[in-house]
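Visitor: I am new to this structure. Please take me through one part of it, slowly enough to follow.

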Amino acid sequence: MTRQASGPAGPRSVEQALVRWETRFSVGEYLFGEHPNAYLAAKAGLLTKGSRALSIADGEGRNSVWLAQQGLRVTAFDFSPVGVDKARRLAAQNGVQVEHLEANVNDWDWDARQFDLVAAIFVQFMTPPERSRLFAGMVRSLAPGGILLLQGYTPKQIDYGTGGPKQVEQLYTEALLREAFASLEILHLREHEELIEEGDAHCGMSALIDLVARRPPS
């Protein structure tokens with residue numbers, strides 16, 4: 001799940017969002033559970049041990065920890081100190097090493113390093129201009145031949161109300177993702193409806209969209 005953000009939304013919006021997520025993550029249990037996102041886990045066959053992975057807006061660490069358990073060298077960031085602390089604890093409990101950092105998607109240096117895998121799972125609480133910058137940064141952070149794995153909600157999710165933003169402009173469609181990632185080779189793109197159970201925060205029938213895309217090797 002993603003948290004937002006600086007930039008056009010302004011510092012007050014950032015502070016309000018941070019307070020909200022700090023409060024949500026302060027509950028004793030893991031808000032989205034301790035197991036990885038099911039779509040991410042289903043793509044284990046695309047992973048290569050020893051490769052470099054980036055988990056964006058990683059929250060309490062369920063996805064980054066799982067990636068590390070698969071033998072990847074994982075960097076993960078989130079803007080919530082409480083979330084990052086819980087992620088570090090989850091990594092320690094599972095005996096894996098993850099570089100967990102406190103950072104905002106708008107402040108992250110997308111050009112500093114490149115990764116063989118970039119995972120963006122439910123990274124949707126942002127305005128369209130912020131999202132455009134995020135997607136462009138994600139593409140730049142992919143190494144040649146690198147894989148982007150993304151899952152999010154489609155506009156129909158508003159009818160279900162089982163997680164995600166309430167603003168339709170923050171949700172994804174196939175056309176939006178094809179345009180945003182036109183420079184990548186799209187290997188899989190699908191809208192579907194499915195029952196998901198990810199802690200208390202994502203629970204119930206959901207309108208989902210999945211993407212696997214690869215940066216050309218050259």
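Guide:
**A cluster of rings**

At 6% relative accessibility, Trp110 counts as buried. Buried means under 20% relative accessible area, exposed over 50%, and partly exposed in between, with a 1.4 Å probe and protein chains only. This is a predicted model: local features need pLDDT of at least 70, side-chain atom pairs count only at pLDDT 80 or more, and totals for chains, interfaces and linings use all residues. Residues are numbered from 1 along each chain as its sequence is written, and side-chain values use heavy atoms, with hydrogens and water left out.

Now the partners of Trp110. A pair of aromatic rings is described by the distance of the centres and the angle of the planes. Rings of Phe, Tyr and Trp (its six-membered ring) pair if their centres lie within 6.5 Å; planes under 30 degrees apart count as stacked, over 60 as edge-to-face and the rest as tilted. The structure holds six aromatic pairs. In one of them, Phe77 meets Trp110 edge-to-face, at 6.0 Å centre to centre and 70° between the planes. This pair links distant parts of the chain, 33 residues apart. Phe77 sits in strand S2 (residues 73-78). Trp110 sits in the loop between strand S3 (98-102) and strand S4 (115-121). Strands (E, at least two residues) are DSSP runs, numbered from the N terminus. Phe77 is buried too, with a relative accessible area of 1%.

Trp108 also pairs with Trp110 edge-to-face: 6.5 Å centre to centre, 70° between the planes. Trp108 counts as buried, at 13% relative accessibility. Ring pairs thus join Phe77, Trp108 and Trp110 into a cluster.

Notes:
Helix = DSSP H or I, 4+ residues; strand = E, 2+ residues; numbered from the N terminus.
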